[in-house]
Amino acid sequence: MQVFAYGYEPGHLPAVVDRIYIQAPWFKEAKTSTNRVLRMAPNARKENNVNLEGPSRSGKTSLARALLRENMPKRDESGLQLPWGYFRVPSVPSSVVVAQQLLRSLGDASWSQRRSPVERLDRIREVADMVGLKMLIVDDLHRLVDSRGTKVQHAVADLFIDIGDETSVPFMFLGLERMAPVFNVNEQLRGRTGAAIRCLRLDWRIKSQRELFCNSVEAVTKKLRLEMPFDHTMTDLTLAFRLYCSTGGLLGYLIKIIRVAEYERLRKMTPMGFELLRRGVLSVVGKPASWPGRKDPFHPDFVGEVSDEALRLAAQVGREVGPNASGGRGAHSK
């Protein structure tokens, strides 16, 4: 069954930051689109799918967590009820492996059993019906492009179409921008999937995006303050800009840094402050050696004022160069 982290199983209390719905336009659009396709699914001739793409750490999986949290699995007298399913495309995908991972995510104990294509599809339909599946989130769809040619892309896309036909369950596809060829090689899947909703890397120099980032920080800190003590550093006017430089404007990074800081606060039983946020930055984004002069944005000697140098630093975060550089999920997970 799908498990993200502590707080995403029945009976677990998620971190405070994971109980906040960040009001980014693309998150709102994805949620609205998801609600729409779920309303349409029972009467639609063909299922409608949602397609959410964006750079690594832009918050795609964080949105999936929030949606799954609203639709938690439960057990009743009929067994496991799992209204929303979630699985990741494996690093070396094929139609067989993808089908097996889907069955595994739905709690099927026989997921690894060898089956013919028809038998696998029948089993998916059977299990989806047993658990009451209403929506299926497929993460890391770009892996079909990263490691395989168009033959496998087409085969897996056909599998998704067959699953939709058999179950009438809509999909939410998540991945990096380079997952577009998966839809390009399969006209049917492209026709059943709406236009891509794009998560952005926020730019401090653009007023609307700067305000969105600052409002997100304010929403998070307001919720945190209600549930834990703060030290004096949390009133520092440079807090939002330091977090921007730490995340490069990627909301997924912001969420994970706060999540780690929350964990450290509980472990050390100390008030929330810059020191705990720094631990989050060094754990999530990059160790001291990754930062110019070994000065991360929460280092005591970091100048937390807007400057060209600081903005250049922020622009490096998560890219091919700079702290925690990567071309997608690999050594550094989303």
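Let's start with something this structure lacks: it holds 0 disulfides. A disulfide is a covalent bond between the sulfur atoms of two cysteines. Two cysteines are still worth a look. Cys245 is buried, with a relative accessible area of 0%, whereas Cys214 comes out as partly exposed, at 26% relative accessibility.

Before going further, keep in mind that this is a predicted model. How confident is the predictor? The pLDDT averages 87 over the chain, and 90% of the residues score at least 70. Two stretches call for caution. Over residues 1-10 the pLDDT stays under 50, although the model gives them 30 contacts beyond four places in sequence. Residues 327-334 are also below 50, and here the model has 24 contacts beyond near neighbours in sequence. Where pLDDT is low, the predicted coordinates should not be read in detail.

Now step back and take in the whole chain. You'll find 13 helices and 7 strands in it. Of its 334 residues, 53% are buried. The chain exposes about 15,700 Å², and 50% of that comes from carbon and sulfur atoms. What about contacts between residues some way apart in sequence? Take those with a separation of 6 or more: 72% of them join residues 24 or more positions apart.

Aromatic rings give us a good way into the details, with 10 aromatic pairs counted in the model. One of them is Phe160 with Phe171, a tilted pair with 5.3 Å from centre to centre and 55° between the planes. Phe160 sits in helix H6 (residues 150-167) and Phe171 in strand E6 (residues 171-175), so this pair ties together parts that are 11 residues apart in sequence. Are these two rings' residues buried or exposed? Phe160 is buried, with a relative accessible area of 1%, and Phe171 is buried too, with a value of 1%. They also have company: Phe160, Phe171, Phe173 and Phe183 form one aromatic cluster.

Another pair brings us to a later part of the chain. How do Phe274 and Phe298 meet? Their rings are edge-to-face, 5.0 Å centre to centre with 80° between the planes. Phe274 belongs to helix H12 (residues 274-284), while Phe298 is in the loop between H12 and helix H13 (308-316), so the pair ties together parts that are 24 residues apart in sequence. Both Phe274 and Phe298 are buried.

Stay with Phe298 for a moment, and look at Asp296. This residue is found in the loop between H12 and H13. Why does Asp296 count as buried? Its relative accessibility is 0%, and buried means under 20%, so Asp296 qualifies. Its side chain reaches the backbone nitrogen of Phe298 at 2.9 Å. Setting aside neighbours within four places in sequence, Asp296 is also in contact with Arg278, Val281, Leu282, Trp291 and Phe302.

Phe298 turns up once more when we move to Ser246, which lies in helix H10 (residues 239-247). Ser246 is buried as well, with a relative accessible area of 0%. Which residues does Ser246 touch, leaving aside its neighbours within four places in sequence? The contacts are Ile257, Val281, Val285, Trp291, Pro297, Phe298 and Val317. Val281 and Trp291 may ring a bell, since Asp296 is in contact with them and Ser246 is too.

Methods
Residues are numbered from 1 along each chain as its sequence is written. Side-chain values use heavy atoms; hydrogens and water are left out. Rings of Phe, Tyr and Trp (its six-membered ring) pair if their centres lie within 6.5 Å; planes under 30 degrees apart count as stacked, over 60 as edge-to-face and the rest as tilted. Helices (H or I, at least four residues) and strands (E, at least two) are DSSP runs, numbered from the N terminus. Buried means under 20% relative accessible area, exposed over 50%, partly exposed in between (1.4 Å probe, protein chains only). A polar contact is a pair of N or O atoms within 3.5 Å; within protein, one must be able to donate a hydrogen and the other to accept it, and residues adjacent in sequence count only if both atoms are side-chain atoms. Contact means heavy atoms within 4.5 Å. Accessible areas come from the Shrake-Rupley method with a 1.4 Å probe; for residues, only the protein chains shown count as cover. A disulfide is a pair of cysteine sulfur atoms within 2.5 Å. pLDDT is the predictor's confidence in each residue, from 0 to 100.
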